[in-house]
Amino acid sequence: MTIDTSSGWMLISVTTAGAAGTLRVQVWRKLRSLGALYLQQSACLLPIRPEVEREVRRLADRVRHHGGSSRVLRIQLTEQAEEDQVIAEFNAARDAEYAEVLERLPAFREELARERERGRTSYAEVEESEADLERFRSWLGKIAARDYFAAPTGAAARAAVAEAAADLAAFEQAALSAEMPARPGSATTVADESGRL
């Protein structure tokens, strides 16, 4: 697969000395959410993408507004081996994040299986499990947004979340069947109040 890096890179340097203590945390969180690759403590690298560049420019403005200093430089990596290494480091970081999703998903699926075995297929369990699955989807979406170079483990993580969604759909169907009253004329007939069939 050929990766287009013709737009180049942003080298971001941020110093929050003299600014409010919370600014440093805000900067760190924002750059991590964008998937920045730190080269040293206050300098990191991101590929130039329109949406990423917008976010970085906003962050740089906020840093300057709150008493810090920032610099965003557009650069090109002139050696292919160096660029390949940088891309490999970006992918390694995303693969580690995808691996954590893959590590945690089995517990979600095992919980569904345990509840089914215990006969606890109910709307409340479905609702709780839907919230858990939505957290996995949201987490996966955040990782994918900063997966600029299609890290290899991403496909496995997406497939695992899709399998978990299928498990939840089957669990929901079982809950629906368990909570729906039997229809007249079906194999199961509900006794009336006197106990007669």
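The following exercises, each with a worked solution, concern a predicted model of a protein chain.

**Exercise 1. Overall layout**

Determine how many helices and strands the chain has, and state the pattern that they follow along the sequence.

*Solution.* Begin with the count: there are five helices and four strands. Next, read these elements along the sequence, which gives the pattern β-α-β-β-α-β-α-α-α. Then turn to the chain as a whole: of its 197 residues, 34% are buried. Its accessible surface comes to about 12,300 Å², and carbon and sulfur atoms hold 51% of that area. Finally, examine the contacts with a sequence separation of 6 or more: 81% of them are between residues 24 or more positions apart.

**Exercise 2. The sheet**

Establish the order of the strands in the sheet, and identify which strands stand at the edges.

*Solution.* First, list the strands across the open sheet: the order is E2-E3-E1-E4, with antiparallel pairing. Second, look for strands with a single partner: strand E2 (37–40) and strand E4 (69–75) each have just one, so each has a side without a neighbour in the sheet. Third, consider orientation: on average, neighbouring strands are turned by 25 degrees against each other, direction ignored.

The individual pairings can then be taken in turn. E1 and E4 run antiparallel and are joined by seven bridges; Trp-9 stands opposite Ile-75 in E4. E2 and E3 also pair in the antiparallel sense, over three bridges. A hairpin of two residues connects E2 to E3, and Gln-40 has Ala-43 in E3 as its bridge partner.

**Exercise 3. The largest nonpolar core**

Find which elements supply at least two residues each to the largest nonpolar core, and which of them gives the largest share.

*Solution.* Start with the core itself: it has 26 residues, and those with the most contacts inside it are Met-10, Ile-12, Leu-46, Val-56 and Phe-90. Now assign the core to elements: strand E1 (9–15), helix H1 (21–33), strand E3 (43–47), helix H2 (50–65) and helix H3 (80–117) each supply at least two residues. The largest share, five residues, comes from H2.

Take Met-10 as an example. Leaving aside neighbours within four places in sequence, its contacts include Cys-44, Leu-46, Val-52, Val-56 and Val-72. A second core, separate from the one just described, has 19 residues, among them Tyr-98, Val-101, Ile-143 and Ala-165.

**Exercise 4. Two residues compared**

Decide for Ser-129 and for Ala-150 whether each is buried, partly exposed or exposed, and state where each is placed.

*Solution.* The cut-offs are needed here: buried means under 20% relative accessible area, exposed means over 50%, and partly exposed lies in between.

Step one concerns Ser-129, which lies in helix H4. Its relative accessibility is 7%, so Ser-129 counts as buried. Not counting residues up to four places away in sequence, Ser-129 touches Phe-108, Leu-112 and Leu-168.

Step two concerns Ala-150, which is placed in the loop between helix H4 (123–145) and helix H5 (153–179). Its relative accessibility is 46%, so Ala-150 counts as partly exposed. The backbone of Ala-150 also deserves a note: its phi is near 50 degrees, a positive value in a residue other than glycine.

Definitions and conventions: Residues are numbered from 1 along each chain as its sequence is written. This is a predicted model: local features need pLDDT of at least 70, side-chain atom pairs count only at pLDDT 80 or more; totals for chains, interfaces and linings use all residues. Side-chain values use heavy atoms; hydrogens and water are left out. A nonpolar core is a set of buried Ala, Val, Leu, Ile, Met, Phe, Trp, Tyr and Cys residues joined through side-chain atoms within 4.5 Å. Buried means under 20% relative accessible area, exposed over 50%, partly exposed in between (1.4 Å probe, protein chains only). Contact means heavy atoms within 4.5 Å. Two strands pair if DSSP finds at least two bridges between them. Axes are lines fitted to C-alpha atoms, for helices over the stretch in contact, and angles run from 0 to 180 degrees between N-to-C directions. Accessible areas come from the Shrake-Rupley method with a 1.4 Å probe; for residues, only the protein chains shown count as cover.
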